[in-house]
Each structure stands twice: as C-alpha cells, then as structure tokens.
Amino acid sequence: MDKDWAEMNKEMQVLLSKEATFTEGMEKLLALRESLFGQITQIVDTFPEEAFYQMPFAGADGYHSKTLAYSIWHIFRIEDIVAHEMIAQERQVLFDGGFSETVHSPIITTGNELSGDELAEFSKRLDIKQLYRYAREVMQSTDRLLTRLQYSDLKRRFGDEMIEKLRRTGCVSEDEKASWLIGYWCGKDVLGLIRMPFSRHWIMHIEAMRRIKNKLCKLARKGVDPVAYCGFSCNHCFLSAWCGSCRTAYNVCSFATASPDGKCPNAVCCREKGIDGCYACDSLEACEKGFYTPSNDGANAAKAQALYIRKHGKKEFLKAHDRLHEKYDFAKTQEILGQDYCEGLKILEDI
Ligand code: SF4
Ligand code: SF4
C-alpha cells in the first residue's frame, strides 16, 4: 500500500476510535479521500478514452485485472449505495442526478458480477466524463454526510430490514460474485463502513488503477522514439514509470498534466510546425513555451539537451545520457546540467 495513504488511513482509524479525537479523525478521513480522488482526476484529465477499457492485467488475481472505467464505477456505486441507501437513508446520487442515463451504463449494480470480456464491453460503453461527474458528486455528497456524523453515530448497526431494502433496490446483483456484499455491509456498524468502503476500498482500487495506468504507459512507449519533443530522453526520465511519452496519447509529463487540454505545449507546437522536436526549431534558444518557461527550473537543462541533439543527433544524445547516468546519481537533469543552457550543453559534450 502507498506509504502516505497507509499512514493517513492508520492515523484516521486511531483518531476516530476515541470521542476526544473524533473530529480530527474525520478531518483526516476527508483529507485522505481528497488526495485519493486527485489520482482519479489526474487519470481522467490526461488519459485517452481507449485507456479506460483496456485490461493490461486480464486474468490476473487482484483488482488490477479490471479496467480504469470499471474501477471508478465500482468504487462509487458501492459508496453511493452504502452512504445514501444505508447511512443517510435517502435517494442515491445515481438516480437523483440522472446519472444512470448520462453515464450510459447498462447496469445499476456494483459490477462485481462482471468478468473478462463482459467487463471490457461494459467499460467501453461508459461516458467517462459523465462517470467522473457522477464519482465527484457521490464523493461530495458522502463528504457532507461524514461531516454531519457524531461520535455516537459510529456504533449504529443495520438489521434485517436493511438487508431486505438493499435487495429490493436491485443495486447488488444476485450473482454469487456480488450477492455477499449486502450481508457484508449489514454486518458492520457505521465505523466499520467508514473503514470499508469509504477509505480502504478506495485505496485498494486506486492503487490498482495506478498499476493499470503505469502498465498502459509502458506498453504505449514500446517501439516509440524515446527522444521527447522538448529534448528529454524518455529512456532516462524519472517520470517514465508513469508517463507514456509525449509521442503517444499517454503523455503524462508535468506540462501535459498542467495544461487544460492535457497536452504538452512543446509537443503541440512541434506538431503544428511539422517538426520532429524543438531541436529542429530556429526559435529554440529564445523559446519560453512549456518546458522552456523561465520559471521552470528544468528549462535550461531541457534546452541544453535539445541543443545537443541539434548538434550531434539523437543517437549520440542517448549515449551521452547513458554516460551521464553512469557517472552521476540523479533524478532531474538540471541537478547535473544546471541553470545555463550553454554550460549544460558543454557538460553533455564533455561527458
Ligand atoms: S515526462 Fe517527457 S521525457 Fe519523461 S517520459 Fe514523459 S514525455 Fe518522456
Ligand atoms: S517555438 Fe518553442 S515549443 Fe515551439 S517548436 Fe520551437 S522551441 Fe519548440
């Protein structure tokens, strides 16, 4: 489990277990949920549509065997049912917000019953932007519910009536892969439901989503030119575990994720100019776009690398990078190439 999330989850549980620290525990829970939801936002904002129905770990044992779309649907369907039908006893966001139509889901269940091709087909049908809107509304509604809870509410339990009510909603499939859920939820008190599904369930599925997206990026980079438009080497980049290269639809570099359209400005500019990379551009030295934004502390290191490519070619550049990594231990190239592109170029040429 991610170290920071595991730590927050543990602290939250300890704090919630005592009345004196209950409010602090709730704040920790909300902060954990916000951090986890940030991962979903980043994936939805930057990954191409096709990424949401791929199953790069199909057949594996674990949550990573599912799709990104399924993971989002499943996390928030479960939360919607538990938070609204069970704890708040009000209408689910899926129905109240009309999301069962806009998301284009063929099911209203949690999806536990789906597997293999069924799961991929289901994922393909979902409108991802609407699914994201649904997820966000469920999260916000649950957060409001959590802030209204008192310490004394944590011990509240659910009886046979709730089991019957949940069965009648048809939101949990009768398939044996899903039907156990109702008994599982109804066997817990409110505190137990906060642990699962409002926190730990998120962590498990979002970690699986990370594995899926990283694998998709790795597959996308296969056979693709490893020299980025800005002059970096994807082969040597510290972000390469979770970025699929600016030459593919899986570009998750820092400037792509920060751009409203999810595209790196240097990549967009090169494509518009019809050139192979910024190293082929006459405006390189004076350029202040994307990675070359003066406030970016890696701007001059990126330029130094692009200038090296212009002078010596990509093949020599990749070899120079190998030598740089053999000699120094570093993550970001500016740690070695510094803040002056002429000096950075000289370092690369002398290595
Ligand atoms: S951040 Fe840039 S250099 Fe790094 S892998 Fe992504 S596209 Fe390549
Ligand atoms: S103007 Fe800047 S971003 Fe565009 S191709 Fe030239 S160097 Fe790259």
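A helix, as the word is used here, is a DSSP run of type H or I with at least four residues, numbered from the N terminus. The structure in these exercises is a predicted model.

**Exercise 1. Place Ala6 in the chain and decide whether Ala6 is buried or exposed.**

Solution. Begin with the secondary structure: Ala6 belongs to helix α1. Next comes the cut-off, by which a residue is exposed if 12 or fewer other C-beta atoms lie within 10 Å of its own, and buried if there are 20 or more. Ala6 has 12 C-beta neighbours inside 10 Å and therefore counts as exposed. As a last step, look along the chain to Leu32, which is 26 residues away from Ala6, and note that the two C-alpha atoms are separated by 9.6 Å.

**Exercise 2. Describe helix α1, and find which of its residues are buried and which are exposed.**

Solution. First take the length: α1 runs over residues 3-16, and its 14 residues reach 20 Å from the first C-alpha to the last, close to the 20 Å expected at 1.5 Å a residue. Then list the buried residues of α1, which are Met8, Asn9, Met12 and Leu16. These residues lie on the same side of α1, because they cover an arc of only 100° around the axis. On the other side of the helix, Lys3, Ala6, Glu7, Lys10 and Val14 are exposed. Finally, ask what covers the buried residues of α1: the cover includes α2, α10 (190-195) and α11 (200-221).

**Exercise 3. State the sign of phi at Gln89 and at Ser245, and compare the surroundings of the two residues.**

Solution. Start from the general rule that most residues other than glycine have a negative phi. Gln89 has a phi near 55°, which is a positive value, and Ser245 has a positive phi as well, near 85°. Now locate each residue: Gln89 is in the loop between α3 (68-88) and α4 (93-96), while Ser245 is in the loop between α11 and α12 (254-258). For the surroundings, count C-beta atoms within 10 Å: Gln89 has 9 others and is exposed, whereas Ser245 has 26 such neighbours and counts as buried.

**Exercise 4. List the residues around ligand 1 and ligand 2, and sort each shell by class.**

Solution. Around ligand 1 are Ala228, Phe232, Cys234, Cys237, Leu239, Ser240, Cys243, Ser245, Cys246, Asn251 and Cys253. Sorted by class, this shell holds 8 nonpolar and 3 polar residues, with no charged ones. Ligand 2 is surrounded by Asn266, Cys269, Cys270, Lys273, Cys278, Cys281, Ser283, Leu284, Cys287, Lys289 and Gly290. Here the sorting gives 6 nonpolar, 3 polar and 2 charged residues.

**Exercise 5. Find the bounds of the domains and describe how domain 1 and domain 2 touch.**

Solution. The domain assignment of the protein chain gives domain 1 as 3-213 and domain 2 as 225-350, and their C-alpha centres lie 39 Å apart. Turning to the contacts, 6 residues of domain 1 meet 7 residues of domain 2. On the domain 1 side, helix α2 (residues 22-46) gives the most, with 3 residues. By class, that side has 2 nonpolar, 2 polar and 2 charged residues.

**Exercise 6. Summarise the protein chain by its secondary structure, its extent and its burial.**

Solution. Count the elements: there are 16 helices and 0 strands. Along the principal axes, the C-alpha atoms fill a box of roughly 75 × 45 × 35 Å. Of the 351 residues in the protein chain, 37% are buried.

Key. Residues are numbered from 1 along each chain as its sequence is written. Chains are lettered from A and ligands numbered from 1 in the order in which they are written. This is a predicted model: local features need pLDDT of at least 70, side-chain atom pairs count only at pLDDT 80 or more; totals for chains, interfaces and linings use all residues. A residue is near a molecule or strand if its C-beta atom, placed from the backbone, lies within 6 Å of it. Ala, Val, Leu, Ile, Met, Phe, Trp, Tyr, Cys and Pro count as nonpolar, Asp, Glu, Lys and Arg as charged, and the others, Gly among them, as polar. Domain bounds come from an automatic or database domain assignment. Two residues are in contact if their C-beta atoms, placed from the backbone, lie within 7 Å. Helices (H or I, at least four residues) and strands (E, at least two) are DSSP runs, numbered from the N terminus. The expected span of a helix is 1.5 Å times one less than its number of residues. The arc is that of the directions from the helix axis to the C-beta atoms.
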